[in-house]
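Work through the exercises below with the sequence and the coordinates side by side. Each task sentence is followed by a solution that goes step by step.

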Amino acid sequence: MSTRYEGRDVDAAPLGEPLPFPFSRLVAPNRLMKVAMTERLASWDAGDMSASGIPTQDLFNLYGHWGQGGWGIIITGNILIDVTHLEAPGNMIVSIDAPPSGPRFEAFQQLARAAKAGGSIFLGQLNHPGRQTDMELQADPVSASDVPLTRSAFADMRFAQPHAASLDEIRDIKAAFVHAAAYLEAAGFDGVQLHGAHGYLLAQFLSPTTNRRTDRYGGALENRARLVTELGDEIRAATGPDFVVAIKINSVEFQDAGFTTADAAALVELLEAHGFDLVELSGGTYEAMGMYHRKESTLRREAFFLEFAELIVPHVTRTRCFITGGIRTVGAMVDALQSGLDGVGLGRPSTTEPRLPKELLVKGSKACIKPLIGDTKVIAGEESFGFGAVLSGAHMRQMGLNQEPFDPSDQASVDGFMKDFATWSKGLTNRSKKEVLSHVKIQSVEVKPYGGVA
């Protein structure tokens, strides 16, 4: 029997209410969203990018399991729009020259069928990392301005000096995003989420720390947000009326002179004016990760960014707002809805429990499984954040292999995982950044076929 977080005896019914989107015509069946996480399970050939970034059977399996899990919304990990700028090898890719036919397109169609089989709304997260591309993959990355990334929470990554995007490059970047959105619509996706958080390219334009432009894409927030709002307009024009347009943004950056909560509040007003259906509120960058609790008050309320979100949500009346990060109990999820948010995003719990919505809404559990490693309900848990990320990656790899994720609340299973983690870590020493950094392979824990447990 798994050990769960201690949760209040709160009725989960509000989490099961349908959610209509204001600008498209779709309705999510409930308020629980599986958020984006980097899977790194797509095809990869460093010598042949035309054969890279294609969804694989592992991804069909993974999203098929989430697709049967009862989620209201499912969002993919990074789908990159430029083969020269990757978050990591193994990302899915839809480049500007990808036609809506052939093996790549058919694979994206199969992925959409798998994820939507249970009735979830399925969104592809479109991303361009900008300056956050490892220098072994890109020696001259593009960004809003030529501001280098001088430190990173990821010790094994190095980043080159970026250059400021020219107006022609901005035009081409927009065209690539719009092409990818139309491509995914043709493949059967219900919509897209633009990745405008965590220091990636769109966030580099939004943040005054990385955007020092003096043209129409720099300066005041309306100008720094211009790339995003133009993308929203152009994607709307290139897709049908039922297509969902969403975005992930930072509610705060945790950096001096960085993107602030006041910026986020003004930004969501702009996003609503430009027809964005959904805003997911997150926080942090590669330089200042925010995915942990900084004080006791946020720990009690569970969500990392709730106090910031509560200052942002009153600025919209139609666009739906979700919060992601740290929430682990039904009580805290319902509290988030009562504070004005429309839904809750869940990442790591979705990898441990791909059927989590059914567990909470049907079986009546009051909380997620409490892992013995990677527990987010601690103060200043930066190390815990790292272990949690590795744990989630291992669980995704298991699901891709049609295995049940092992129980991280079981000590013997965690001991086996740590043994496999040690083996995996040793293999990082001489790894080229042009190779896929696969997630930990579980070999020292008893493996059960997916569906083999209650």
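## Helix H3 and what follows

H3 is followed by Gly188, a residue with a positive phi, near 110°. Before the exercises, two remarks on the basis of the values are in order. Residues are numbered from 1 along each chain as its sequence is written, and side-chain values use heavy atoms, with hydrogens and water left out. This is a predicted model, in which local features need pLDDT of at least 70 and side-chain atom pairs count only at pLDDT 80 or more, whereas totals for chains, interfaces and linings use all residues.

**Exercise 1.** Compare the span of helix H3 with the span expected at 1.5 Å a residue, and list its buried residues.

*Solution.* Begin with the limits of the element: helix H3 covers residues 167-187, which is 21 residues. Helices are DSSP runs of H or I with at least four residues, strands are runs of E with at least two, and both are numbered from the N terminus. Next, take the expected span, defined as 1.5 Å times one less than the number of residues; for H3 this gives 30 Å, and the end C-alpha atoms are 30 Å apart, which agrees. Finally, apply the burial classes, where buried means under 20% relative accessible area, exposed over 50% and partly exposed in between (1.4 Å probe, protein chains only). The buried residues of H3 are then Ile170, Ile173, Lys174, Ala176, Phe177, Val178, Ala180, Ala181, Tyr183, Leu184 and Ala187.

**Exercise 2.** Examine helix H2 in the same manner, and state which elements are included in what covers its buried residues.

*Solution.* Helix H2, residues 102-116, has 15 residues and reaches 21 Å from its first C-alpha to its last, close to the 21 Å expected at 1.5 Å a residue. Its buried residues are Arg104, Phe105, Ala107, Phe108, Leu111, Ala112, Ala114 and Ala115. With contact taken as heavy atoms within 4.5 Å, the cover over these residues includes H1, strand S4 (73-80), strand S5 (92-93), strand S6 (121-127) and H3. One of these covering elements, H1, is itself mostly covered, since 9 of its 11 residues are buried; among them are Phe60, Tyr63 and Trp66.

**Exercise 3.** How many disulfides does the structure hold, and are Cys321 and Cys368 buried or exposed?

*Solution.* A disulfide is a covalent bond between the sulfur atoms of two cysteines. The criterion applied here is a pair of cysteine sulfur atoms within 2.5 Å, and the structure holds 0 disulfides. Turning to the individual cysteines, Cys321 is buried, with a relative accessible area of 1%, and Cys368 also counts as buried at 1% relative accessibility.

**Exercise 4.** Which non-glycine residues with positive phi can be described, and in which loops do they lie?

*Solution.* Consider Arg40, which has a positive phi of about 55° although it is not a glycine. Arg40 lies in the loop between strand S3 (32-34) and helix H1 (57-67), and at 16% relative accessibility it counts as buried. Consider next Asn402, whose phi is positive at about 60°, again although the residue is not a glycine. Asn402 is placed in the loop between H13 and helix H14 (411-426), and with 35% relative accessibility it counts as partly exposed.

**Exercise 5.** Which residues does Leu221 touch, not counting residues up to four places away in sequence?

*Solution.* Locate Leu221 in helix H5, residues 221-224, and note that it is buried, with a relative accessible area of 12%. Once residues up to four places away in sequence are set aside, Leu221 touches Phe259, Asp263, Ala266 and Leu267. Leu221 and Ala264 are 43 residues apart in sequence and 9.5 Å apart in space, C-alpha to C-alpha.

**Exercise 6.** Describe the protein as a whole.

*Solution.* The protein has 14 helices and 13 strands, and buried residues make up 61% of its 454 residues. Among contacts with a separation of 6 or more, 73% are between residues 24 or more positions apart.
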